[in-house]
Amino acid sequence: TTFQDGGEEVEDGAVYNVTLKKVQIQQAANKGARWLGGEGDQLPPEHTVRQYETSKIRAIKAGTLEKLVENLLTAFGDADFSYISIFLATYRAFASPRAVLELLLDRFGNLETSSHGEVANLNSLESEMVLRAEIASVLRAWLDQCSEDFREPPDYMCLLKLLDYLKNNMPNSDMESRVQNLLKQFQNQEVEAVDGFCSTSSSGLVDGVELEITNPEEFSSFQDHVVAEQLTYMDVMLFRRVVPYHCLGSIWSQRDKKENKNLAPTIRATITQFNAVTKCVISTILGTRELKIQQRAKIIEKWINIAHECRILKNFSSLRAIISALQSNSIYRLKTTWMFVSKDVLLLYEELSEIFSDHDNYLTSRELLMKEATSKFANLDSSEKENQKKSQKRLQLQKTKGVMQGTVPYLGTFLTDLIMLDTALQDYVEGGLINFEKRRREFEVIAQIKLLQSSCNSYCLIPDQKFIQWFRRQRHLTEEESYKLSREAEAAADTNILSPKSQKSMVKRISTLFLGTDVFTPPKEQPPKSSPVGGSSGESTDSASVSSCEFNHSETEDVCVTPISSPEDPLKKVQLRLLHAAGRPKTLAQSSCSDKGSSSKGSISDPGSGSDSGSVPTRDSVPSGAPRMLPVYNRQSEGSCIIRVSMDGLQDSIYKSILITNQDRIPDVTQRALLKHNLEPDAVEDYELVQVISEDKELVFPRDANVFYGMNSHVNFDFILRKKA
């Protein structure tokens, strides 16, 4: 089979990409070979005759809403077999279910007055049957793939309209009874609410339960694999409920507007759970003032081991939440406590952290996720024999029991990818036609989410009510509380811990952990932040940092677009200095968040979620007319790039992604940034644009400067919009 680009076909209200598909349909012996009695499939090529058939594949590239809906009925005839799935997964970005249903049923589905070509021209019983079959096929796919579109309490207008249509045109059909059952199901259920594990209340996870600071002994009583299994159970229940279209950039980026406070509840629930896990880690480590250093170190070790169990279960969501918490400002600064963490556990922590390294747009975690998406078990490789032995023992136990795992992803990566796609591609093309090529690109990410949701059916986990109740009771510390407790814990450690002799021994121990050298330089203490780390309540994943979950200590329901993290790992400075001295450049995984609590500095381009290693996903069979390579964060490409802009002071932890070209000057970029942050765009003259070069250096742009050519392209493309003095 060979493919050839057939160019474009333009019709009234639609543009199609045409591909010619050449397929061999027969191979027979030629005249001389037949005379000798040979068979075609037994002869060399020179003695055979091949017959080919060329077919035309038409894929709609752009069109009006009417044309896109009509194409639902003709897509199979045009050999565009994936069109219906793509349309149903993405149409909410440009139309409502009611608008699509009315067009489908009233304009194209009316069997008496339909303007659909076949019926209008032939008006025959046969064409009527064909149209009825096409309509039924589309409706069946709609109910199979996106039944949530019809959940519109309390009236259920779309579902009632559909039921009325089926009674008149397809009476007593299986479709009619199915719609009736779905209506009863919706009516018997309460309004969409995602399981009781997470509540949007910022005071805790459960209403009516008095929250408490964790009891270290109670936490220690839970076995590591039990904690990991229960976290996975909660993550699976929430991830399976995620409505894929909620992840679309054009929808998710609008969540911080007042009128959209209930937008995308299934996504908010997964973010709340992610933040709850992160805060639970912090509160168990810092919540009890009376803990000795060794006890606190044991809790850190326990959480690292739990993270490892999450890795075995292929739960990348809780794994990242735990690693993010351990890299948070209040935990990583406990340098004395980290000294008491055993060597093997520290090395395991390093390996787990490297999974989420921001190198090359989080390529490691992306490749690992796709590699294990549908595999039965985790593929664990460890550089340390002890850790490798432990991992293989746990895996072997699972295989012996015949327990298979699904895969729970870190949803933030997909959110960021879709935000970046939405930022980089236009919604409409010339003539006001809906850009359906953009929806095809978005569907590639949505399809990955659906695949992983399907894999989660492989999990067979039983809830442990004792742990779940304990998890719900935890009182979460604010950023200020955790930092204060962290300072107290470290101060107590400094005064109580070490005599000069034991201090020297401890320095030697942590040094030999890496290189056998006696040099030790603890990480610098970071000042407390007035704003939450990595995010804020209305923050938009548009802030497309590199991950997709911004962590907020004050509001559990906030966007989770980059887990809470520190600019450097607790041991990173130690290791880097030692390795530099030895000439061995080896790094420990960094977090995606900067020291300033934003998802910017030190963060890498998780470009918009353009899930890829530096760009967005591409289709396998894209005709030559396909769009050029998309701009991504931290890279200038073909005269365009994506930058991230935060507002100084007011919302300095929230980033918005903005596409700029080599024609854009300061007023244009400033105006777009103000609009993205829901501020008045008329006040352009009152602001200045600044690029963050380092912690102590900034690049201030003149009023009419060209941003694309003026920016420093060798550092992160992170900008601040600041009011002029």
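**Exercise 1. The lining of the largest cavity**

Determine which helices each supply at least two residues of the lining of the largest cavity in this predicted model, and which residues are the closest to its centre.

*Solution.* Begin with the helices: α10 (224-240), α12 and α20 (411-424) each supply at least two residues of the lining. Next, weigh the contributions, where the largest share, four residues, comes from α12. Then turn to the cavity itself, which has a volume of about 120 Å³ and is the largest of four cavities of 30 Å³ or more. Finally, of the 15 residues that line the largest cavity, Thr270, Ile271, Ser317, Pro409 and Leu411 are the closest to its centre.

**Exercise 2. The largest nonpolar core**

Establish which residues touch the most other members of the largest nonpolar core, and explain where this core lies with respect to domain 1 and domain 2.

*Solution.* The core holds 130 residues, and Phe87 and Trp303 are the ones that touch the most other members. Its largest share, ten residues, comes from helix α12 (residues 265-286). Because domain 1 (64-110 + 129-187) and domain 2 (220-488) both give residues to this core, the core lies between them. As a last step, take Trp303 and leave aside residues up to four places away in sequence: the residues that Trp303 touches are then Phe219, Val227, Leu231, Cys280, Val281, Thr284, Ile285 and Ile322.

A second, separate core of 25 residues includes Met647, Ile658, Ala673 and Leu721; two of these names, Met647 and Leu721, return in the next exercise.

**Exercise 3. Strand β6 and its partner**

Decide whether the residues of strand β6 (residues 640-647) are buried or exposed, and find in which sense β6 pairs with β10.

*Solution.* Eight of the eight residues of β6 are buried, where buried means under 20% relative accessible area. In a regular strand the side chains alternate between the two faces of the sheet. In β6, Ser640, Ile642, Arg644 and Ser646 point one way, whereas Cys641, Ile643, Val645 and Met647 point the other way, and all are buried. For the pairing, β6 and β10 run in the parallel sense over four bridges, with Met647 standing opposite Leu721 in β10.

**Exercise 4. The partners of strand β8**

Work out how many bridges join strand β8 (residues 687-694) to strand β10 (residues 718-723), and how many join β8 to strand β9 (residues 697-700).

*Solution.* Five bridges join β8 to β10, and these two strands run antiparallel; here the bridge partner of Glu688 is Arg722 in β10. Four bridges join β8 to β9, again antiparallel, and Ser694 stands opposite Lys697 in β9. To finish, β8 and β9 form a hairpin, with two residues between them.

Technical notes
Residues are numbered from 1 along each chain as its sequence is written. This is a predicted model: local features need pLDDT of at least 70, side-chain atom pairs count only at pLDDT 80 or more; totals for chains, interfaces and linings use all residues. Side-chain values use heavy atoms; hydrogens and water are left out. A nonpolar core is a set of buried Ala, Val, Leu, Ile, Met, Phe, Trp, Tyr and Cys residues joined through side-chain atoms within 4.5 Å. Buried means under 20% relative accessible area, exposed over 50%, partly exposed in between (1.4 Å probe, protein chains only). Domain bounds come from an automatic or database domain assignment. Contact means heavy atoms within 4.5 Å. Two strands pair if DSSP finds at least two bridges between them. On a 1 Å grid over the protein atoms alone, a cavity is a set of points where a 1.4 Å probe fits but cannot get out, and a pocket is an open set with protein on both sides within 12 Å along at least five of seven lines; lining residues have an atom within 4 Å of a point. Grid points are joined across faces, edges and corners, and a volume is the space filled by probe spheres set on the points.
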